[in-house]
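Let's take a walk through this protein chain together, starting with a helix and ending with a few residues picked out for a closer look. Keep the viewer open as you read.

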Amino acid sequence: MKFTIRKSDITDILSKVQGITGRKSNLAITANILIKTGDNGISFIATDLETGFEGNYPAHVESPGVITINARKFFEIVQNFPSDDIRVEEVERQWIRIGSEKVEYHIVGMSPDDFPDLPMLEEVEYIEIDAIRLRKMIEKTIMIAASPDEKRTHITGVFFQARDEEGERVIRMVSTDGRRLSKAEFISGEDLDFRPIDGVIIPKKGLSEVSKLLDSDGIIAIGVKDNYFVVKKDHETIIIGLLEGEFPPYGEIVVRDEANAIRIEKRNFYMTLKRMSILSTENYNGVIFNFDKNRLMLTATNPDLGESKEDFNIEFDREPIEVAFNPKYFMDTLSVIEEDSVLINIRDNEKPCIIEGTVDKHFLSVIMPMKL
């Protein structure tokens with residue numbers, strides 16, 4: 001194999017696939033990227049055995065072939081290469097020469113015969129969605145991360161479905177960790193291809209890799225086939241193996257009670273919570289919210305560090321409520337709401353709290369109270 005590529009054509013994508021190739025798997029070769037020639041250039045393939053990526057890029061191919069090379073080292077070489085044209089050539093026994101007239105590397109590869117095959121999916125029925133909107137939906141759901149040793153499917157994955165609801169074509173993603181829940185939706189327009197997709201659970205790790213590719217405007221295609229979730233964008237495709245299991249019913253906890261909605265200025269609320277969380281530790285991470293007579297007072301107490309209090313004015317004319325929450329959950333939610341004000345829907349100190357924007361109702365977060 002021998003070809004010449006332009007640094008500017010591949011640096012960005014090599015950076016983005018590091019999350020796949022850098023993830024530990026049972027096969028050492030998954031730390032490599034597979035490169036093979038095509039009719040109009042080259043293909044990059046990466047996999048961690050759960051998430052697979054394939055992209056096609058322009059190159060001047062002098063002789064055909066297939067190679068695998070360490071993805072991290074190849075990216076670092078390309079990223080720091082002094083010229084835009086880079087020549088790549090397999091010389092002997094998986095040794096690969098990378099260079100130009102003045103710079104040269106010799107890197108040992110691995111046998112491409114040992115590289116795992118990506119699933120061959122045919123006749124996938126796709127639906128269309130705006131790339132930026134999908135990225136924002138992913139960001140709003142994978143912010144609820146799962147611990148490394150978590151095994152429960154509904155916590156390590158995100159629930160995904162597409163369905164017709166009362167005349168609207170809704171694409172929905174839901175995530176939870178048992179203490180909070182995020183729901184993000186996109187209403188598909190008549191100009192976009194749409195078909196129902198039954199509820200499936202997609203690994204958060206795979207969706208994190210998808211979000212890295214969705215950095216520009218445009219329409220992309222997504223679909224489900226043979227227990228895989230597929231995303232196609234221009235000349236790039238990501239395939240993610242779905243998780244087996246049931247996502248718990250959540251309909252009752254996302255029901256809003258408009259009479260209990262409290263409007264709060266987002267930035268002031270966020271900064272107050274940030275100051276409260278200064279005294280938080282793993283053992284003491286709760287903040288007490290006191291709603292009373294058009295005022296909200298927050299109190300953080302940590303026996304090992306001390307106490308902090310802060311209050312500000314709100315519109316509240318009901319019976320007082322004293323309830324404790326983890327401030328980080330509120331801060332995570334506020335950071336993904338793109339409005340100046342938010343609505344906090346709270347009934348009492350036992351029911352979950354719902355947070356959403358004042359205008360955009362396509363995202364909400366549910367946070368469970370802590371024991372006082």
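The expected span of a helix is 1.5 Å times one less than its number of residues. With that in hand, look at helix 4, residues 131-142, in this predicted model. Helix 4 has twelve residues and reaches 16 Å from its first C-alpha to its last, close to the 16 Å expected at 1.5 Å a residue.

**Helix 4 and a residue from helix 6**

At the start of helix 4, D130 is worth a glance: one of its side-chain oxygens comes to within 3.1 Å of the backbone nitrogen of I132. Which residues of helix 4 are buried? They are A131, I132, L134, M137, I138, K140, T141 and I142. An α-helix has 3.6 residues a turn, so residues three or four places apart point the same way.

Helix 4 also has a partner to show you. S211 sits in helix 6, residues 204-213, and counts as buried at 14% relative accessibility. Setting aside residues up to four places away in sequence, S211 touches R135 and I138. I138 is among the buried residues of helix 4.

**The chain as a whole**

Now zoom out. The protein chain holds eight helices and 25 strands, and its C-alpha trace spans about 80 × 50 × 35 Å along the principal axes. Of its 372 residues, 49% count as buried. Among the contacts in the chain with a separation of 6 or more, 65% are accounted for by residues 24 or more positions apart.

**Buried residues and their surroundings**

Four buried residues make a handy set to step through, each with its element and its relative accessible area.

| Residue | Element | Relative accessible area |
|---|---|---|
| F330 | helix 8 (residues 327-336) | 1%, buried |
| V88 | strand 7 (residues 85-92) | 1%, buried |
| T68 | strand 6 (residues 66-70) | 1%, buried |
| S211 | helix 6 (residues 204-213) | 14%, buried |

Begin with F330. Not counting residues up to four places away in sequence, F330 touches F269, L273, F289, F325, I344, C353, I355 and I367. One of these contacts, F269, is 61 residues from F330 in sequence, yet the two C-alpha atoms are 9.2 Å apart in space.

V88, in strand 7, comes next. Beyond residues up to four places away in sequence, V88 touches M1, K2, F3, I5, I67, F74, I96, R97 and I98. E104 can be placed relative to V88 as well: the two are 16 residues apart in sequence and 9.8 Å apart from C-alpha to C-alpha.

What does the side chain of T68 reach at 2.7 Å? It is the backbone oxygen of M110. The T68 side chain also makes a polar contact with the side chain of N32, at 3.3 Å. Leaving aside neighbours within four places in sequence, T68 is in contact with I29, N32, I33, L34, I96, G109, M110, S111, P112 and F115. I96 appears in the contacts of T68 and in those of V88.

**Two loop residues with positive phi**

Two non-glycine residues are next on the tour. N227 has a positive phi of about 65 degrees although it is not a glycine. You will find N227 in the loop between strand 15 (219-225) and strand 16 (228-233).

K293 has a positive phi too, about 50 degrees, and is likewise not a glycine. Its place is the loop between strand 19 (287-291) and strand 20 (295-302).

Are these two buried or exposed? Exposed means over 50% relative accessible area, so K293, at 70%, is exposed. N227 counts as partly exposed because its relative accessibility, 41%, lies between the 20% and 50% limits.

**The cavity**

How many cavities of 30 Å³ or more does a search of the whole structure find? The search finds one. The largest cavity holds about 30 Å³ of space, and its lining is made up of L279, S280, Y284, G286, A300, T301 and N302. By type, the lining divides into three nonpolar residues, four polar and no charged. Select those seven names in your viewer to see where this cavity lies.

Key: Residues numbered from 1 in each chain as written. Heavy atoms only, no water. Helix = DSSP H or I, 4+ residues; strand = E, 2+ residues; numbered from the N terminus. Buried < 20%, exposed > 50% of the residue type's maximum accessible area, 1.4 Å probe, protein only. Polar contact = N/O pair within 3.5 Å; in protein donor to acceptor, adjacent residues only side chain to side chain. 1 Å grid on protein atoms, 1.4 Å probe; cavity = no way out; pocket = protein on both sides within 12 Å on 5 of 7 lines; lining within 4 Å. Points joined across faces, edges and corners; volume = space filled by probe spheres on them. Nonpolar A, V, L, I, M, F, W, Y, C, P; charged D, E, K, R; others polar. Contact = heavy atoms within 4.5 Å.
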